[in-house]
Amino acid sequence: GRTAAVIPAAGRGVRLGPGAPKALRTLGGVPMLVHAVRAMARARAVSLVVVVAPPEEEAVAEVRALCAQALGGAGTAGGTAPGAELLVVPGGGTRQESVARGLAALPADVDVVLVHDAARPLVPVATVDAVAAAVRAGAPAVVPALPLADTVKQIAPRTGAQEDGAPEPVVATPERALLRAVQTPQGFDRAVLAAAHEKIALAGEGATDDAGMVERLGLPVVLVPGHEEAFKVTRPLDLVLAEAVLARREG
Ligand code: C5P
């Protein structure tokens with residue numbers, strides 16, 4: 001079977017500040033989504049990239065044009081033209097729904113799926129390859145992860161009475177050495193990921209991460225080493241860092 005990468009890119013990215021949808025913000029003059037598509041297509045294992053665009057018809061058309069150009073190798077930054085096939089489909093109201101729509105669009109011969117956030121444009125190809133290889137080696141779900149620099153505090157669920165910015169009581173401090181921050185692409189046996197999405201959708205539950213849904217099915221999820229350049233571009237400072245990483249690479 002083939003390996004496909006699904007890239008949810010339908011988010012508005014409000015935390016980044018006002019402007020275009022996050023996936024279309026540029027790094028080094030190139031939309032983040034295009035960087036992400038190239039990062040997936042460069043991986044030897046990946047032969048199909050499914051991009052999940054904002055649902056509006058014009059957005060789907062715009063994203064299709066941008067990504068087709070990226071895979072056609074129009075000679076822009078990034079070098080070689082990767083030869084993966086491209087599909088663009090409309091997304092949903094949540095990341096989870098957007099991923100589900102990408103999965104629904106996969107051809108029958110795909111048996112391994114990588115799910116990669118458009119918001120992680122600079123993931124190195126070696127990380128993508130390592131995730132795909134671990135799934136091929138038999139793991140149903142594989143996640144790139146890094147140890148944490150910050151200690152993490154758990155807080156109580158917010159009550160309606162709490163004001164924004166009010167001091168938050170701490171309920172626990174998990175042992176930092178036993179925590180990992182997870183990245184994407186997360187890799188899956190296709191049938192496992194499809195079953196996980198169906199079950200969570202039926203239960204009306206939400207999830208911020210695909211592997212979390214597989215855990216709730218009771219199936220094993222394993223971690224492989226992530227990479228600091230696979231960080232998520234979420235806040236304005238992340239854009240500064242991403243530009244610097246890109247400049248260092250291209251320098
Ligand atoms: O908002 P967040 O940073 O968690 O988004 C992670 C990824 O999910 C982004 O690539 C974003 O475009 C995507 N997303 C989506 N559909 C949504 C919300 C987010 O495809 N409705």
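Hi everyone, let's start with a pair of strands: β6, residues 110–115, and β11, residues 186–189, pair in the antiparallel sense over four bridges. If you want a spot to look for, V115 stands opposite Q186 in β11. One quick reminder before I go on: this is a predicted model.

Now, β6 has another partner. Strand β1, residues 2–8, pairs with β6 as well, in the parallel sense and over five bridges. Here you can pick out A5, whose bridge partner in β6 is L114.

Keep A5 and L114 in mind while we move to helix α1. The helix covers residues 32–41, and it is mostly covered, with ten of its ten residues buried. Among those buried residues are L33, V37 and M40, but also H35 and R38.

So what does the helix contribute to? The largest nonpolar core has 61 residues, and I7, L33, V37, M40 and V51 are the ones with the most contacts inside it. The largest share of this core comes from α1, with eight residues.

Let me zoom in on M40. Leaving aside residues up to four places away in sequence, M40 touches A5, I7, V46, V49, L114, H116 and V128. And there are our two bridge partners again, A5 and L114.

Last stop, the ligand. Which residues are closest to the ligand? Those are P8, A10, G11, S98 and A118, out of 17 residues that surround the ligand. By class, that shell has seven nonpolar, seven polar and three charged residues.

That's my tour, thanks for listening!

Key:
Residues numbered from 1 in each chain as written. Predicted model: local features only at pLDDT ≥ 70, side-chain atom pairs only at ≥ 80, totals over all residues. Near = placed C-beta within 6 Å. Nonpolar A, V, L, I, M, F, W, Y, C, P; charged D, E, K, R; others polar. Buried ≥ 20, exposed ≤ 12 C-beta atoms within 10 Å, placed from the backbone. Pairing = 2+ DSSP bridges. Core = buried A, V, L, I, M, F, W, Y, C linked by C-beta atoms within 7 Å. Contact = placed C-beta atoms within 7 Å.
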